Amino acid sequence: MFANLSDRLTASFKQLRGKGRLSEADIDATVSEIRRALLEADVALPVVRSFTANVRERAKSAEVSAALNPAQQVIKIVNAELVEILGGEARDLRFAKHPPTVIMLAGLQGAGKTTLAGKLGRWLKEQGHTPLLVASDLQRPNAVTQLQVVGKRAGVPVWAPEPGNGVGDPVAVARSGVQHARDKQYSVVVVDTAGRLGVDTEMMQQAVDIRDATDPDEILFVLDAMIGQDAVSTANAFAEGVGFTGVVLSKLDGDARGGAALSVRGVTGKPVLFASTGEKLSDFERFHADRMASRILDMGDILTLIEQAEKTFDAAQAEEMAAKLAGDGDFTLQDFLAQLAQLKKMGSMKKMLGMLPGMGQMREQLENFDEREVDRVEAIVHSMTPAERANPKILNGSRRLRIARGSGTTVAEVNSLMERFDQAKTMMRQMARSGGRGMPGMGMMPGGGKKSKGRMAPPPKKGKKGKSGNPAKRRQQELEAAQRATQQASAPSGSAFGLGNQAQGPQGQDMPDLEELQKFLR
């Protein structure tokens with residue numbers, strides 16, 4: 001979503017690199033680029049004015065002018081201001097001292113409240129709570145059925161005494177749902193309410209009545225991150241009509257410009273608590289302003305990547321694999337298949353790669369990445385026998401042809417996979433045995449290894465020219481070589497270019513002693 005904004009901001013910083021001191025003209029040009037980038041991203045005008053004013057003021061301070069690298073200081077300032085307008089430090093949900101905790105969802109129709117109720121219920125269940133979903137959206141057709149389906153997929157029970165489709169009292173359903181949760185000792189109640197088409201007075205009053213009937217501990221405003229500037233008026237209308245304590249951004253994986261996410265906190269003053277980043281129930285995460293700012297500035301989001309890996313990977317299996325790599329055990333294709341299966345559980349490969357620092361510069365390659373490549377690799381390994389997975393060295397030509405036919409691939413793809421597997425196995429074993437220090441596998445990385453040494457080293461010096469076959473010319477070459485050697489030998493130490501004595505021309509120099517010359521040449 002923030003691809004265009006990220007590209008514009010990083011481009012505005014390029015002109016600052018390499019400057020030892022920033023002039024006011026440099027700062028003004030950079031702030032103008034930042035303002036233009038924010039406006040094109042559909043950020044609200046008051047937020048843009050406040051943001052650029054703060055950046056300009058801090059960039060002209062003595063702190064930046066005295067810095068060794070002022071360009072990095074400006075990037076640091078922009079990052080800090082982004083964190084501020086995105087909400088500062090993350091806030092946890094407020095849970096009631098005496099259960100159940102009541103969480104009410106409100107927002108426009110089509111913002112994704114019903115699906116988000118299932119995601120929130122699943123997330124609460126993973127946190128150790130016992131949630132209950134309450135179907136109080138009786139206005140939209142099949143809204144109750146949708147919540148029941150979503151709740152079943154999430155493994156969370158649903159309270160739906162009314163069929164919906166315009167039948168039933170949503171306030172009574174919400175009240176009875178809270179009472180049912182209290183009787184059955186559910187710890188959290190998530191109330192799904194009907195959406196509104198713009199600022200609808202009647203539906204807004206219905207939300208107020210549900211709020212008064214359930215006395216919620218949290219009122220979460222579900223905001224479609226793709227609606228742009230309209231997010232400001234919508235958020236203000238809900239803040240004045242119903243009031244809310246936090247914001248949940250939905251559809252954050254879309255291709256819109258993302259101004260809503262940057263505007264809602266600055267306009268309403270309410271923090272963003274959660275973000276929905278996909279269609280799956282697992283595509284739901286806590287919103288961290290500092291991590292989102294790092295993504296926008298193409299600094300990556302390693303912490304979120306680590307958290308997802310910790311939730312997905314089996315710790316015991318990971319320790320066993322590490323011991324196998326560090327010891328005498330062999331990393332087989334069966335182990336590789338197990339690791340690949342756990343990697344797929346983390347979600348989209350594009351999304352994971354996008355969390356790495358600097359991936360904004362490879363966005364085109366990332367967008368062209370084929371997610372089905374992982375499936376092809378799995379198909380190749382599954383087409384092998386257990387003996388072949390345990391010992392890939394037995395894969396001769398006929399076996400590889402059989403594997404290619406069984407997996408629907410070519411022999412070239414099978415060969416390519418085996419080459420990459422051997423390289424990865426070697427690198428992993430080296431890193432495991434060295435404890436991860438020194439990056440012993442850098443030779444396997446792009447730009448590393450033996451071949452890269454030739455590219456990184458300066459061009460080799462040209463060798464001495466061969467002696468001429470002409471006796472007179474050969475004699476002249478020998479005299480010139482002896483004179484050059486004499487000049488180098490007579491140069492004082494510390495003279496970087498051998499010009500310490502300002503030697504006379506070749507005709508004015510005395511020839512050195514033959515023994516000294518032979519010693520020098522040796």
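The protein comprises 24 helices and eight strands, these being DSSP runs (H or I over at least four residues for helices, E over at least two for strands) numbered from the N terminus. The model is predicted, so that local features are reported only at pLDDT of at least 70 and side-chain atom pairs only at pLDDT 80 or more, whereas totals for chains, interfaces and linings draw on all residues. Residues are numbered from 1 along each chain as its sequence is written, and side-chain values use heavy atoms, with hydrogens and water left out.

Of the 522 residues in the protein, 41% are buried, that is, under 20% relative accessible area with a 1.4 Å probe and protein chains only; exposed denotes over 50%, and partly exposed the range in between. Contacts (heavy atoms within 4.5 Å) between residues at least 6 apart in sequence join residues at least 24 apart in 71% of cases.

Helix H2 spans residues 24–40. Its 17 residues reach 24 Å from the first C-alpha to the last, close to the expected 24 Å, where the expected span is 1.5 Å times one less than the number of residues. The buried residues of H2 are Asp26, Ile27, Thr30, Val31, Ile34, Ala37 and Leu38. They lie on the same side of H2 because they cover an arc of only 125 degrees around the axis, the arc being that of the directions from the helix axis to the C-beta atoms. An α-helix has 3.6 residues a turn, so residues three or four places apart point the same way. The exposed residues Glu24 and Ala25 are carried on the face of H2 turned away from its buried side. Just after H2, aspartate 42 adopts a positive phi of about 70 degrees.

H2 packs against helix H3 (residues 45–59) at an angle of about 160 degrees, and their axes are 10 Å apart. Axes are lines fitted to C-alpha atoms, for helices over the stretch in contact, and angles run from 0 to 180 degrees between N-to-C directions. H2 and H3 are therefore roughly antiparallel, a term applied to angles over 145 degrees. The crossing of H2 past H3 is right-handed, meaning that the near helix is turned clockwise from the far one by less than a right angle, whereas an anticlockwise turn is left-handed. At this interface, Ile27, Asp28, Val31, Ile34, Arg35, Leu38 and Leu39 of H2 meet residues of H3 including Leu45, Val48, Phe51 and Val55.

A second helix pair is formed by H15 (residues 333–345) and H18, which pack at an angle of about 150 degrees with their axes 11 Å apart. H15 and H18 are therefore also roughly antiparallel to each other, but H15 passes H18 in a left-handed crossing. Among the H15 residues in contact with H18 are Leu333, Phe336 and Leu337, and their partners in H18 include Val374, Val377 and Glu378. Glutamate 378, located in H18 (residues 372–382), is buried, with a relative accessible area of 13%. Residues up to four places away in sequence aside, glutamate 378 touches Leu337, Leu340, Ala341 and Lys344.

Helix H6 (residues 113–126) reaches 20 Å from its first C-alpha to its last, close to the 20 Å expected. H6 is mostly covered, with ten of its 14 residues buried, including Lys113, Lys119 and Trp123. Just after H6, glycine 128 takes a positive phi of about 100 degrees.

Aspartate 183, in helix H8 (residues 170–184), counts as exposed at 53% relative accessibility. The C-alpha atoms of aspartate 183 and proline 100 are separated by 9.8 Å, although these residues are 83 residues apart along the chain.

Terms used: Angles under 35 degrees count as roughly parallel, over 145 as roughly antiparallel, 65 to 115 as roughly perpendicular and the rest as oblique.
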